[in-house]
Amino acid sequence: MRRRRAEKREILADPKYNSRLVAKFINTLMLTGKKTVAEGIVYAAFEIIEQKVQDGDPLKVFNKAIDNVRPRLEVKSRRVGGATYQVPIEVPVARGNALAFRWIRDFARKKKGRPMEIKLADELVAAYKGEGAAVKKRDDTHKMADSNKAFAHLRW
């Protein structure tokens with residue numbers, strides 16, 4: 001028998017932009033508990049974004065980038081009678097955000113030869129414009145869910 005599910009902890013909004021989403025992103029970016037370093041990287045990336053994008057507000061750019069990367073559907077493996085099917089399911093907002101954060105972070109880390117804040121700013125600006133690797137990943141996830149629509153009746 002399974003134990004009860006742990007309750008979700010509410011995280012505090014970040015000090016500079018007073019946004020829970022930014023705080024969550026900082027936590028996703030953080031390595032080995034070095035939160036101050038992660039905060040520095042995110043805030044430096046936001047300053048770079050402010051210079052790169054015309055309308056200026058980095059928080060708007062960040063929110064739009066996350067919206068553009070967040071998947072609406074994904075596939076989950078289900079075993080039915082010895083066969084494994086990829087069943088498309090809708091993604092809850094919290095999981096969608098987590099996936100978006102992870103994809104943006106990972107694609108920014110993959111780029112080589114420049115400081116992380118510049119790579120992160122580039123990835124966020126690309127996502128804001130609806131292009132870049134993270135948006136492509138979202139599109140691939142949606143395509144996968146779309147091509148397996150025939151198995152939608154297997155979800156429970």
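Trainee: What separates lysine 136 and aspartate 140 in helix α6, in terms of helical turns?

Mentor: In this predicted model, lysine 136 and aspartate 140 are four residues apart in helix α6, so about one helical turn separates them.

Trainee: Why is the contact of lysine 136 with aspartate 140 called a salt bridge?

Mentor: The N to O separation of their side chains is 3.3 Å. A salt bridge requires a side-chain nitrogen of Lys or Arg within 4 Å of a carboxyl oxygen of Asp or Glu, so the pair qualifies. By this rule the count comes to twelve salt bridges.

Trainee: What makes lysine 136 exposed and aspartate 140 partly exposed?

Mentor: Lysine 136 has a relative accessible area of 52%, and exposed means over 50%. Aspartate 140 has 35%, and partly exposed covers the range between 20% and 50%.

Trainee: How do you know that aspartate 122 and lysine 52 form a salt bridge?

Mentor: Their closest N and O atoms are 2.1 Å apart, and the limit is 4 Å. Aspartate 122 lies in helix α5 and lysine 52 in helix α2, so the pair ties together parts that are 70 residues apart in sequence. Lys52 and Asp122 are also linked with Arg114 in a network of salt bridges.

Trainee: Which of these descriptions, buried or partly exposed, applies to aspartate 122, and which to lysine 52?

Mentor: Aspartate 122 has a relative accessible area of 16%; buried means under 20%, so aspartate 122 is buried. Lysine 52, at 41%, is partly exposed.

Trainee: What makes arginine 105 buried, and what is the state of its salt-bridge partner, aspartate 106?

Mentor: Arginine 105 has a relative accessible area of 15%, whereas aspartate 106 has 31% and is partly exposed. Their side chains meet in a salt bridge at 3.0 Å, N to O.

Trainee: Against which elements do the buried residues of α4, the helix of arginine 105, pack?

Mentor: The buried residues of α4 pack against α1, α3, β1, α5 and α6. Among them are Trp103, Ile104, Arg105 and Phe107.

Trainee: How do you know that the length of α4 is close to the expected value?

Mentor: Helix α4 has 18 residues and reaches 26 Å from its first C-alpha to its last, close to the 26 Å expected at 1.5 Å a residue. For α3, twelve residues should span 16 Å, and its end C-alpha atoms are 16 Å apart, which agrees.

Trainee: Why is α3 called roughly parallel to α6?

Mentor: The axes of α3 and α6 come within 8 Å and cross at roughly 30 degrees. Angles under 35 degrees count as roughly parallel, and therefore the term applies to α3 and α6.

Trainee: Which residues make up the contact of α3 with α6, and what are their classes?

Mentor: Asp67, Asn68 and Val69 in α3 meet Ala134, Val135 and Arg138 in α6. By class, this contact has three nonpolar, one polar and two charged residues. Asn68 and Val69 are also among the buried residues of α3, which pack against α1, α2, α4, α5 and α6.

Trainee: What makes glutamate 123 buried, and which residues does it touch?

Mentor: Glutamate 123, in helix α5, has a relative accessible area of 2%, and the limit for buried is under 20%. Not counting residues up to four places away in sequence, glutamate 123 touches Ile104, Phe107, Ala108, Lys111, Gly132, Ala133 and Ala134.

Technical notes:
Residues are numbered from 1 along each chain as its sequence is written. This is a predicted model: local features need pLDDT of at least 70, side-chain atom pairs count only at pLDDT 80 or more; totals for chains, interfaces and linings use all residues. Side-chain values use heavy atoms; hydrogens and water are left out. Helices (H or I, at least four residues) and strands (E, at least two) are DSSP runs, numbered from the N terminus. The expected span of a helix is 1.5 Å times one less than its number of residues. Buried means under 20% relative accessible area, exposed over 50%, partly exposed in between (1.4 Å probe, protein chains only). Contact means heavy atoms within 4.5 Å. Axes are lines fitted to C-alpha atoms, for helices over the stretch in contact, and angles run from 0 to 180 degrees between N-to-C directions. Angles under 35 degrees count as roughly parallel, over 145 as roughly antiparallel, 65 to 115 as roughly perpendicular and the rest as oblique. Ala, Val, Leu, Ile, Met, Phe, Trp, Tyr, Cys and Pro count as nonpolar, Asp, Glu, Lys and Arg as charged, and the others, Gly among them, as polar.
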